[in-house]
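Here's a quick back-and-forth on how the labels for this model are earned. Have a look at the structure, then follow the reasoning.

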Amino acid sequence: MVHTEEKIRLQKVIARAGISSRRKAEELIQSGQVTVNGEVITTLGTRVDPAHDHIKISGKHLPAPAPDMFLILNKPAGVVSTLQDPEGRPTIKHMLPKPSLRLFPVGRLDFDSEGLLLLTNNGEVAQACLHPSHHVLKTYLIKIKGVLEDTEILQLKKGLPLEDGQTAPAKVRKAGKAEANSWVEITIHEGRKHQVKRMLEYLGHPVIRLKRIQFGPLNLGNLPLGASRFLTDKEANALRQILVPAEKHPRSRGTRTTKPARWAESKRGSTTRRKPKT
Ligand code: URA
């Protein structure tokens, strides 16, 4: 007899096997491709015991959980950040050490953006990194047309009214001037489509070049363009911290769902807000 506590959500078990992200696993379940002990399961909340239940996807046994792999790639511009592209553009697939590793990208970078792209076979960590509740910080080094005025920096720090809603406060740092253009460093925790470009476009400074230099606890460092490397154990462990269950934290007043880390902004706080009232 298996106790309920030992049972895990089916989509989580599939993601852990390195087959797909949790979201893709949910799609597999909903489309009727998953059986547990011979029975087709289409209900997402279904809990299973991976040690005893026979789980199959499209008739094939679920492989044993793959060991975690985490890789960062310095994506060049002119390459899509996915493994396949319906439009036939070059993808990151040929840049990976072994295409057979079954790693998938965590989020996206635009076709013309560069920089740090995390890839993993750990669907749980990937999903957590992308979930808005975790507030994972991402830093971009951006070349823009013109130079940001102090008032514009203030607007970025407060949040901008984009067409899909107000942006959360950003951290902003001027990073250099180059003739009619300039460099700026922006840190945000949101991940809306073309967000940084749209924020700067809104202020009248179109983006000329955009490079992600930090993703949560990970730094691009001096990884050459187009090169990739596996994370060190220290980096991988820092990333896994995102799965650490809720803990009361002085800053959180009990509302956080994850333990705050240096690289994940406090859910309640903002980059401009001071200490919460006690
Ligand atoms: N913001 C953008 O506008 N583009 C990216 O590729 C990443 C963040």
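Q: What makes the pair formed by an oxygen atom of the ligand and a polar backbone atom of His-194 a polar contact?
A: This is a predicted model, and in it the two atoms sit 3.3 Å apart. The cut-off for N or O pairs is within 3.5 Å, so the pair counts.

Q: Which other polar atoms of the protein pair up with a ligand oxygen?
A: A polar backbone atom of Lys-197 is 3.0 Å from an oxygen atom of the ligand, and a polar side-chain atom of Ser-113 is 2.8 Å from one. The protein covers 95% of the 240 Å² of accessible area that the ligand has on its own.

Q: Why is the ligand said to lie between domain 2 and domain 3?
A: Because domain 2 (70-132 + 218-264) and domain 3 (137-215) both give residues to the shell around the ligand. Helix α5 (residues 195-202) gives the most, with three residues. By class, the shell has four nonpolar, three polar and two charged residues.

Q: Why is Thr-120 called buried or exposed?
A: Thr-120 belongs to strand β9 (residues 114-120). Its relative accessible area is 0%. Buried means under 20%, so Thr-120 is buried.

Q: How do you know which backbone atoms the side chain of Thr-120 has polar contacts with?
A: Check the distances from a polar atom of that side chain: 2.8 Å to the backbone oxygen of Met-69 and 2.9 Å to the backbone nitrogen of Asn-122. The limit is within 3.5 Å, so both pass.

Conventions. Residues are numbered from 1 along each chain as its sequence is written. This is a predicted model: local features need pLDDT of at least 70, side-chain atom pairs count only at pLDDT 80 or more; totals for chains, interfaces and linings use all residues. Side-chain values use heavy atoms; hydrogens and water are left out. Helices (H or I, at least four residues) and strands (E, at least two) are DSSP runs, numbered from the N terminus. Buried means under 20% relative accessible area, exposed over 50%, partly exposed in between (1.4 Å probe, protein chains only). A polar contact is a pair of N or O atoms within 3.5 Å; within protein, one must be able to donate a hydrogen and the other to accept it, and residues adjacent in sequence count only if both atoms are side-chain atoms. Accessible areas come from the Shrake-Rupley method with a 1.4 Å probe; for residues, only the protein chains shown count as cover. Ala, Val, Leu, Ile, Met, Phe, Trp, Tyr, Cys and Pro count as nonpolar, Asp, Glu, Lys and Arg as charged, and the others, Gly among them, as polar. Domain bounds come from an automatic or database domain assignment.
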